[in-house]
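Subject: Handover of a structure and findings

Dear colleague,

Please find the structure below, together with its sequence. An account of what was found in it follows.

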Amino acid sequence: LWADRSPSMDFNSHLTEWSKLERALVVSFALAEVLVQGGERVGIPEVMRPTANRNVIGKMAQAIVHDISERSSLPPDFAPAPFSEVLLLSDFWSPVSEFRRIIGQLAANVARGHVVQVVDPAEESFPYMGRVEFVEPEGLGSITAGRAETWRSEYQTLVANHRAALRAETEQFGWTFTVHRTDRGPTELLFALH
């Protein structure tokens with residue numbers, strides 16, 4: 001299991017009470033519990049070695065809390081065991097070329113994978129109007145829109161194109177791709193993944 005803990009995942013708009021990070025962690029913990037109860041081992045690359053310990057949620061939480069390394073929005077390079085299952089949860093707003101490289105490297109070990117794009121509803125609907133300053137959370141700058149509503153259509157097209165490219169990359173390797181909005185319940189996603 002890998003859940004993106006980069007600064008962009010801390011975002012939550014007025015349209016939902018959950019940040020993308022909170023939702024990714026809740027789903028990760030719940031799925032880990034189900035998998036361990038079913039006899040599987042669960043790990044987090046570069047954070048926690050795979051374990052079948054019945055206290056997997058506690059172990060994951062402790063490992064995450066004590067991990068002080070700065071995280072990017074894509075998983076680290078790691079080699080999953082052959083025929084293992086990989087679950088990636090992130091907003092995946094990274095360039096498609098970087099996503100392609102990571103997915104290709106993970107799929108090279110014959111690992112099956114599941115990619116979940118966790119998004120805030122505002123990231124899809126772009127509900128902004130008037131003068132708005134958009135600040136990139138990973139320190140890449142900001143941009144001010146004089147009339148943000150005039151950007152909506154072009155923004156939604158860019159999001160749709162980016163998502164289609166991500167989906168095409170995952171399907172190329174036989175992986176699944178799911179979009180999960182934080183204004184929807186986590187059980188819906190858990191049932192789909194399980």
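Helices and strands are here DSSP runs, H or I of at least four residues for helices and E of at least two for strands, numbered from the N terminus. Please note that this is a predicted model.

**Overall architecture**

On that basis the protein has six helices and eight strands. Read from the N terminus, the order of elements is β-α-β-β-α-β-α-β-α-β-β-α-β-α. The radius of gyration is 17 Å, close to the 16 Å that the globule rule gives for 194 residues, so the protein is as compact as a globular protein of that length. Along the principal axes, the C-alpha atoms occupy a box of roughly 55 × 35 × 30 Å.

Of the 194 residues, 43% are buried. Where contacts link residues at least 6 apart in sequence, 66% of them join residues at least 24 apart. The exposed surface of the protein comes to about 10,400 Å², and 54% of this is supplied by carbon and sulfur atoms.

**The cavity**

Rolling a probe the size of a water molecule over the atoms shows where empty space is left. The structure holds one cavity of 30 Å³ or more. The volume of the largest cavity is about 90 Å³. Its lining consists of Leu1, Trp2, Ala3, Arg5, Leu25, Ser28, Ile44, Pro45, Val47, Met60, Ile64 and Arg71. At least two lining residues come from each of β1 (2–3), α1 and α2 (56–66). By class, nine residues of this lining are nonpolar, one is polar and two are charged.

**The second largest pocket**

The second largest pocket encloses about 740 Å³ of space. Its lining is made up of 25 residues, and those nearest its centre are Leu1, Arg41, Ser84, Glu85 and Val86. Two or more lining residues are given by each of α1 (20–37), β2 (42–44), β3 (48–51) and β4 (85–90). Among the elements, β4 gives the most, with four residues. The lining of the second largest pocket divides into 17 nonpolar, four polar and four charged residues. Leu1 thus appears in the lining of the largest cavity and also in that of the second largest pocket.

**Two individual residues**

Is Leu31 buried or exposed? Leu31, which is placed in helix α1, has a relative accessibility of 8%; because buried means under 20%, Leu31 counts as buried. Beyond its neighbours within four places in sequence, Leu31 is in contact with Leu1, Leu87, Leu190 and Leu193. Leu31 and Leu189 are 158 residues apart along the chain, with their C-alpha atoms separated by 9.9 Å.

Val135 belongs to strand β6 (residues 132–135). Its relative accessibility is 58%, and since exposed means over 50%, Val135 counts as exposed. When residues up to four places away in sequence are not counted, Val135 touches Gly141 and Ser142. From Val135 to Glu46 the distance is 29 Å, C-alpha to C-alpha, with their positions 89 residues apart in sequence.

To draw these two together: Leu31 in helix α1 is buried at 8% relative accessibility, whereas Val135 in strand β6 is exposed at 58%.

Yours sincerely

Key. Residues are numbered from 1 along each chain as its sequence is written. This is a predicted model: local features need pLDDT of at least 70, side-chain atom pairs count only at pLDDT 80 or more; totals for chains, interfaces and linings use all residues. Side-chain values use heavy atoms; hydrogens and water are left out. On a 1 Å grid over the protein atoms alone, a cavity is a set of points where a 1.4 Å probe fits but cannot get out, and a pocket is an open set with protein on both sides within 12 Å along at least five of seven lines; lining residues have an atom within 4 Å of a point. Grid points are joined across faces, edges and corners, and a volume is the space filled by probe spheres set on the points. Ala, Val, Leu, Ile, Met, Phe, Trp, Tyr, Cys and Pro count as nonpolar, Asp, Glu, Lys and Arg as charged, and the others, Gly among them, as polar. The radius of gyration is taken over C-alpha atoms; the globule rule is 2.2 Å times the number of residues to the power 0.38. Buried means under 20% relative accessible area, exposed over 50%, partly exposed in between (1.4 Å probe, protein chains only). Contact means heavy atoms within 4.5 Å. Accessible areas come from the Shrake-Rupley method with a 1.4 Å probe; for residues, only the protein chains shown count as cover.
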